[in-house]
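Visitor: I am new to this structure and should be grateful for a close look at a single part of it.

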Amino acid sequence: MTSMSETVAPGSPRFALHTLGWRAFQDLCAAVLREVWGQSVQAFADSNDGGRDGAFYGTWQPPDEPGCVRELLPGPFVLQCKHTKKADATLAPSELEGEFAKVRALVGRGVCATYVLLTNARVSGQSEEEIRRRLRACGVAHPLVLDGQWLSDIIASHRGLRMFVPRVYGLGDLSQILDERAYTQTSVLMKSAPEQVSTFVVTSAYRKAARSLRDHSFVLLLGDPAVGKSVIALMLAISAADNWGCVAVKPRTSDELVQRWNPHEKGQFFWLDDAFGAVRHEEILTHAWARDLPHVMSAVKNGARVVLTSRNYIYNEARPLLKPYAYPLLREQQVTVDVSDLARAERQQILYNHLTAGDQPADVLSRMKPHLEDAADAEPFRPEAARRLGLQAFTTGLSLNRESITSFMARPRQLLIDVYDQLDVHAHAALALVYATGQDKGLPSPLALDSVQRDIIERAGAAPGATSRAMATLTGTFLTEATALDGQTYWSFHHPTLREGFATWLTTQTHLLPIVLTGMTDRALLSRTDCLPVDSEQRQGTLLRIPPPLYQATAQRISAFRRHRGSSPTAWLEEYERRQSVLSYLSGDGSDDFLRAYLMADSELHTVLLNFGAPARDDLRTRVLARLHRAGLLPEDIRQQAIAHMTDLAVTAPDASWIEDDDWQKQPWHVLLSDKEREGLFEHVRRELVPRLEQRVDSWAAEFDGDPDNDHVEDALFWYSQAFEQRLDDDTAGKFDQACDIYQQVREDPNEAHRDWAPEPHPHRRRTPQNTHPIQEQRSLFDDIDH
């Protein structure tokens with residue numbers, strides 16, 4: 001059996017470097033020289049380079065590694081790249097006639113003692129000898145010719161290079177460069193998203209993420225929808241399998257991460273997409289992260305590598321619940337993927353790669369070419385829009401002029417709805433099946449239809465056989481067929497924005513909407529729909545809006561889901577998750593009319609809501625109470641019972657959630673309490689709690705659970721002190737200050753393990769030379785797009 005250190009397949013590797021564009025190849029050559037040879041290389045613009053794609057000044061000091069060039073003497077050095085898009089092309093000396101004249105001028109100016117020619121083409125021994133002879137005749141003291149095979153050998157033998165130029169994983173035979181375990185892991189990952197690998201562009205965000213993963217083992221990728229968070233995570237996973245032999249694990253929740261972390265397995269890579277919700281914030285996930293972060297950071301300290309992704313607007317809602325001040329790594333190692341951070345050259349390279357990977361005919365690309373730089377400058381720029389521009393399925397009827405192409409890039413939603421309208425009924429049925437699936441991974445492949453799925457197909461006016469064929473036709477454009485790490489294959493939308501666009505389209509299809517809702521699992525219904533007024537503004541992360549005629553049926557279904565009781569050993573956890581999902585839906589995703597329908601369907605709701613715990617500000621039940629009160633649907637006796645319960649918790653817990661503070665203006669108790677009732681609570685605390693603070697502090701300290709970062713007692717004592725100070729009651733404020741100090745002294749010493757999670761300093765590495773930013777180019781990056 002092949003050992004961990006052996007290459008799976010013998011033989012000299014060969015990478016498909018001809019599939020790169022001219023600029024991507026030039027960047028690859030620069031990366032080879034910087035990362036592998038460790039030299040400071042200055043890159044020049046193509047039009048003003050004076051015959052140089054790059055230069056190096058100083059004495060070449062090759063590292064003591066295989067493949068290094070040792071015969072080079074002191075410079076100055078000139079680097080020149082020659083790229084061809086023809087596979088197996090051979091470079092002939094005659095193709096360099098124009099270069100020889102430039103070289104003579106460079107030598108005359110004293111800037112070229114050593115000339116390095118890099119090409120992806122083959123170079124025969126005779127041709128190499130002739131090229132070197134001609135260069136010497138031009139005055140070059142030390143000519144060097146490095147061909148495509150030399151570059152392939154370098155790529156195969158340097159893992160560090162592949163981490164920072166990860167697209168090379170998609171250019172060759174993985175078995176020739178990876179050991180057995182890395183090969184297995186990487187093959188599965190690449191099989192799940194081959195197009196993402198082939199079109200990937202190394203951006204500044206990726207480089208920052210790769211450095212954070214290497215040096216700190218933790219990355220939080222944030223950004224708007226469709227900016228490339230998941231593909232960066234994928235490439236990090238592939239690089240981790242190669243560089244550190246990591247086993248890739250893709251849990252869905254923090255709890256799954258903790259369960260699957262093995263302290264004896266030093267090479268685990270955990271990748272969680274949409275950690276705090278896919279299209280909207282899911283508080284149940286965030287509360288779980290707040291609970292599990294100490295364990296996650298312990299895993300990081302002990303060798304695990306963790307990458308999380310989240311949309312910006314979702315993380316902004318989740319962040320206050322995570323207490324990032326308690327976990328500096330969570331704050332310091334964020335890598336924000338923001339379109340404003342994409343350099344113009346990066347945008348153009350992303351668009352170039354997607355167009356070359358697409359199916360547009362050469363004549364269409366030729367007609368697009370004059371407008372592609374403007375397309376890359378479109379605001380906002382989304383890589384997913386670039387992918388669609390390269391596919392005929394999305395551009396039928398698109399006028400190939402500047403205005404239409406830039407509009408396609410910047411405003412894709414309405415165009416996408418129009419595209420869905422143009423698809424046939426079989427495609428509609430296929431997409432509806434994928435949308436309705438309740439599985440997070442997607443719709444299992446091959447199809448095994450149940451009665452509801454057959455009903456979806458029938459209502460769409462399609463047939464099972466034709467729908468199955470449509471699945472295959474849509475794969476690669478609207479859908480992706482990916483193999484999970486467990487070996488099962490699933491269909492899912494190629495990108496979340498395609499799913500959101502389909503939801504918008506689906507709301508106009510009255511014949512399909514009811515049965516699609518029926519086909520959804522209860523969890524999918526709660527996470528992918530809302531019952532807000534038809535004319536209300538759509539929340540970020542487009543949801544399927546349920547119309548009023550379906551409120552009653554939806555309310556009855558959600559009510560039954562909340563009341564369901566399981567019998568498994570984990571029934572209590574499942575019941576808790578069901579309750580939290582329903583409460584979240586009721587607090588933010590239902591109109592007044594829907595809430596009225598729900599109260600009719602769930603007569604037990606008020607009793608459930610009154611059982612909120614401390615701290616009440618974190619309990620979704622209080623938010624639903626406030627939402628019902630705002631809608632005029634909360635009976636006064638129920639409101640008074642809620643206030644009575646809050647009054648008790650204010651003293652016994654203690655719980656300061658009811659205090660009106662600038663940061664809490666939108667909290668439930670700002671809605672539920674009148675000014676008079678709030679003042680009554682302050683008086684109650686003065687009368688019932690303050691005289692007994694010393695005894696209470698001892699009791700609370702004895703009940704301390706050992707986690708100082710989730711200590712609601714300390715929080716409450718602090719907020720009480722602040723609130724009474726603002727009311728100019730310095731005596732009471734001082735007593736709470738003193739109580740807080742005593743509480744901290746009396747409580748048991750907490751377990752310090754999760755505080756000391758910061759990674760050990762990374763071993764000394766050879767300093768990576770500083771990159772220089774290329775100056776503005778005059779030659780268009782899209783120059784060879786139609787070749």
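Does F200 count as buried or exposed, and what surrounds the answer?

Guide: This is a predicted model, in which local features need pLDDT of at least 70 and side-chain atom pairs pLDDT 80 or more, while totals for chains, interfaces and linings use all residues. Residues are numbered from 1 along each chain as its sequence is written, and side-chain values use heavy atoms, leaving out hydrogens and water.

F200 has 6% relative accessibility and therefore counts as buried (under 20% relative accessible area, with exposed over 50% and partly exposed in between, for a 1.4 Å probe and protein chains only). The ring centres of F200 and Y206 are 5.1 Å apart and the planes stand at 75 degrees, so this pair is edge-to-face (centres within 6.5 Å; planes under 30 degrees apart are stacked, over 60 edge-to-face, the rest tilted, with the six-membered ring used for Trp). The structure holds 22 aromatic pairs. Y206 is likewise buried, because its relative accessibility is 0%.

Y206 also belongs to the contact between two helices (DSSP runs of H or I, at least four residues, numbered from the N terminus): A205, Y206, A209, A210, L213 and R214 in α8 meet I232, M235, L236, S239 and W244 in α9 (heavy atoms within 4.5 Å). These residues comprise nine nonpolar, one polar and one charged (nonpolar: Ala, Val, Leu, Ile, Met, Phe, Trp, Tyr, Cys and Pro; charged: Asp, Glu, Lys and Arg; polar: the others, Gly among them).
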